[in-house]
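Here is a short tour to read alongside the structure. Keep the 3D view open and follow each topic in turn.

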Amino acid sequence: MSDFLLELRSEEIPARMQAGARAELEKLFRREMDAAGVEAGEITVWSTPRRLALIARGLPLATEAVSEELKGPPIGAPDQAVDGFCRKAGVAKADLETREVKGRETYFAVKNVPGRATADLLAEAIPAIIRDFSWPKSMRWGGASISTESLRWVRPLSGIVALLGDEVVDCEVHGVTSGAVTLGHRFHHSGDITIGNADDYAMKLRAGHVIVDHEERQDLIRSGAAKVASEAGLRLVEDEGLVIENAGLTEWPVPLLGRFEEDFLEVPPETIQLTARVNQKYFVCEDEKGELANAFICTANIEAEDGGARVVDGNRKVLAARLSDARFFWDVDRKKTLAEHAKGLERITFHEKLGTVADKVERVAKLARWLVEEEIVKPNTRHSREGGNPDNGGGTGNSGQLDPRLRGGDGLSREDLADMAEQAARLAKADLVTEMVGEFPELQGLMGGYYARAEGLPDAVADAIRDHYKPVGQSDDVPTAPVTVAVSLADKLDTLRSFFSIDEKPTGSKDPFALRRAALGVIRIVQDNDLRFGVAQGDLLDFFADRLKVQQREAGVRHDLIDAVFALGGEDDLVRLLARVHALQSFMDSEDGANLLAGYKRAANILKKEDWHGAEGEIARTGEEDPLAIVDDPDLKAVVAAKMEQRHASELSYAAEPAEKALMDALANSEPAASRAIAAEDFSAAMAALAALRAPIDRFFEEVTVNADEENKRAHRLDLLARFRAAVHKVADFSRIEG
């Protein structure tokens, strides 16, 4: 057994591609080993900006010889069949053997595959891995690049280290031959580094100022950045994505802290953080009050003799130029009010069939106002007490004291709230035409909130502008302040209704207008704020139903219970629907629920087998071709009613058995009780009413013969089961429940 080392060295591999490249290298290596019959055990893959490395432990030095046997056609089969078998097996017809199979002579191909040295297999595998490597973007280079058959790689491939044990695995790819020599850090090490084997690879590279393990570099950046921030009396603003990116940009990471001019802090802190992060890959820090500090942390790729002073100074100058641009945008944008900015939305097309963004804003403003005027969103929502938390869609202003206007609308009249919702909706998209959002699209909404507050608009309006895109993802906060709820909900509902109206619906994995995300946003807003209204109709309601099923399944609700409630149909109140689903789940987890389900299924099976549609179904015996054709006939309506009354009156022309009478009495009590509970939306009480049917239905099946010889007994008992089924169906379609 021996360990194998493969290093593929090139010019800089983009940080964003390195995780995928590590996975691709392992996948292709395992593919080649599986095809060669070599069992690959523990595999480690590392990456730096200049290399990918793979170490496979415990490879055999050679594969074992094997004998493969393939059964072919019987003797006497057409020549074409025999020739085809020979081609498939890779043998000549003269080499075929014959054996008896079930009394018939049959051809067999026997191939003896000799064992091969693993080094030879690896020599063939390495070029195949490199040629088949999939990069998001790749390039050709050199004179050979004029041919489309030349090698493509993320950057020019410059070196291959391939060692099995301490022996080089000889191969050549695109003019690059394998060996045992690699290079260290671009600046800290000159000359070649000769690798002895897989065990000394990381150690020798470390001596050459290269930390080849990407996870170790991440740890160094994470801890080093926190350390230099702490030494300056600050706290690092953690950013795991930035940690991974900086580890992908460096081979010898050294976090360094620098300072920028304090007057840049006049710019909104999110702008500074985004500028530092996106443009420069810097971390930012907070002071002891939790406010953004005039400090940044960059990750150098060298250990400078002056402790990094020149590196920090150079990075400070670059950041200062970026922050100057951000401050310029901030100052220029505030020279116009949001209402003036909003006029620019008339020049932006929202969709060719739906008009401009200004047209959308008009629709959203009317809908937001309607949501308040119809008291779907109310001034005194149950969540308004949370308005002081910016994450909840409220605000505290500068004083830190809560008052009605700073608490997102709590305490305002319905008319005031409607005015604020309409105003916020008309201004919510205005920042799309500002200089700042043009430079940083990620700040849309957020900058609108800052501009609104800067021009003195009520905090409830500013907060609604800031948060009207929320919730963006599953982990995002849900707005709860009334003005924000009205605007956010209106914006998402308009998007959904508009695109469905022009038949632009998601298909398969394609959702170019993010309608699934909008629907989930509506669902979460409705749920968290207990909003009671019909969200949609038709296809759009079905779309909401599908999204709700996905959401509830992810939350741990059984899919069959969701289907059982949705199957009732006609429900567009999401709060009521979910209350029914959750009550059903609790009921089905109980012994009563499981037993009632068993009784229901037995009753449903009997009714299905008998094709029973109730006593009224027997009207077909009148001879009318369409048995329902005469039901609404004014001249016959009274006759039909009298006939049905007579039939029902005669249903108990016999003495009911005790178990039969017990079920009748239980239904007489449970049916109205369940109906009253459902009308009151007390679904737990409705389930409890149904639970009272458990014992009577069990006893009924044990003691009563449903298919009695007497027609009147049979009809009454089948009707009794139909009543039982109908009572259960008032809560959910139990036929959809598994078990």
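The notes below cover a sheet, two helix crossings and some local backbone features.

Please bear in mind that this is a predicted model. A good starting place is the open sheet of four strands, ordered β13-β15-β16-β14 with antiparallel pairing. From there we move on to α11 crossing α15 and α1 crossing α3, and then to some individual residues.

**The four-stranded sheet**

- At the edges of the sheet are β13 (235–236) and β14 (254–259), each of which pairs on one side only.
- Helix α5 (residues 214–231) packs on this sheet and touches β13, β14, β15 and β16 (292–300). The direction of α5 makes about 30 degrees with that of β14.
- Strand β15 (residues 283–286) is joined to β13 by two bridges, and the pairing is antiparallel.
- Two residue pairs help you find the register here: Arg-235 is opposite Glu-286 of β15, and Leu-236 has Cys-285 of β15 as its bridge partner.
- On its other pairing, β15 meets β16 through three bridges, again in the antiparallel sense. Glu-286 has Leu-292 of β16 opposite it, and Glu-286 is also the residue that Arg-235 faces.
- A hairpin is formed by β15 and β16, with five residues between the two strands. Within the turn, Gly-290 has a positive phi of about 85 degrees.
- Is β15 buried or exposed on its two faces? Both faces are covered: Phe-283 and Cys-285 are buried on one side, and Val-284 and Glu-286 are buried on the other.

**Helix α11 against helix α15**

- The axes of α11 (residues 414–427) and α15 (residues 482–501) come within 9 Å and cross at roughly 50 degrees. That angle makes α11 oblique to α15.
- The crossing of α11 past α15 is right-handed.
- From α11, the contact draws on Leu-417, Met-420, Ala-421, Ala-424 and Ala-425, while α15 contributes Pro-482, Val-483, Ala-486 and Val-487.
- Which classes of residue make up the contact of α11 with α15? There are nine nonpolar residues, with no polar and no charged ones.

**Helix α1 against helix α3**

- For α1 (residues 15–36) and α3 (residues 118–132), the axes come within 10 Å and cross at roughly 140 degrees. The two helices are therefore oblique to each other, as an angle counts as roughly antiparallel only over 145 degrees.
- The handedness of the crossing between α1 and α3 is right-handed.
- On the α1 side, the residues in contact are Glu-24, Leu-25, Leu-28, Phe-29, Arg-31, Glu-32, Met-33 and Ala-36. They meet Leu-121, Leu-122, Ala-125, Ala-128, Ile-129 and Asp-132 of α3.
- By class, the contact of α1 with α3 has 10 nonpolar residues, no polar ones and four charged ones.

**Backbone features in loops**

- Most residues other than glycine have a negative phi, and most peptide bonds are trans. The next few residues are worth a look with that in mind.
- His-174 is not a glycine, yet its phi is positive at about 55 degrees. You will find His-174 in the loop between β9 (172–173) and β10 (176–179). With a relative accessible area of 29%, His-174 is partly exposed.
- Glu-681, also not a glycine, has a positive phi of about 60 degrees. Its loop runs between α22 (658–679) and α23 (683–691). Glu-681 is partly exposed, at a relative accessible area of 30%.
- Between Lys-470 and Pro-471 the peptide bond is cis, with omega near -10 degrees. Pro-471 sits in the loop between α14 (459–467) and α15.

**Ala-62 and its surroundings**

- Where is Ala-62 placed? Ala-62 is in the loop between β3 (51–59) and β4 (66–74).
- The relative accessible area of Ala-62 is 40%, so this residue is partly exposed.
- Leaving aside residues up to four places away in sequence, Ala-62 touches Arg-116, Ala-117 and Thr-118.
- Ala-62 and Val-38 are 24 residues apart along the chain, and their C-alpha atoms are separated by 8.5 Å.

Key: Residues are numbered from 1 along each chain as its sequence is written. This is a predicted model: local features need pLDDT of at least 70, side-chain atom pairs count only at pLDDT 80 or more; totals for chains, interfaces and linings use all residues. Side-chain values use heavy atoms; hydrogens and water are left out. Two strands pair if DSSP finds at least two bridges between them. Contact means heavy atoms within 4.5 Å. Axes are lines fitted to C-alpha atoms, for helices over the stretch in contact, and angles run from 0 to 180 degrees between N-to-C directions. Buried means under 20% relative accessible area, exposed over 50%, partly exposed in between (1.4 Å probe, protein chains only). Angles under 35 degrees count as roughly parallel, over 145 as roughly antiparallel, 65 to 115 as roughly perpendicular and the rest as oblique. A crossing is left-handed if the near helix is turned anticlockwise from the far one by less than a right angle, and right-handed if clockwise. Ala, Val, Leu, Ile, Met, Phe, Trp, Tyr, Cys and Pro count as nonpolar, Asp, Glu, Lys and Arg as charged, and the others, Gly among them, as polar.
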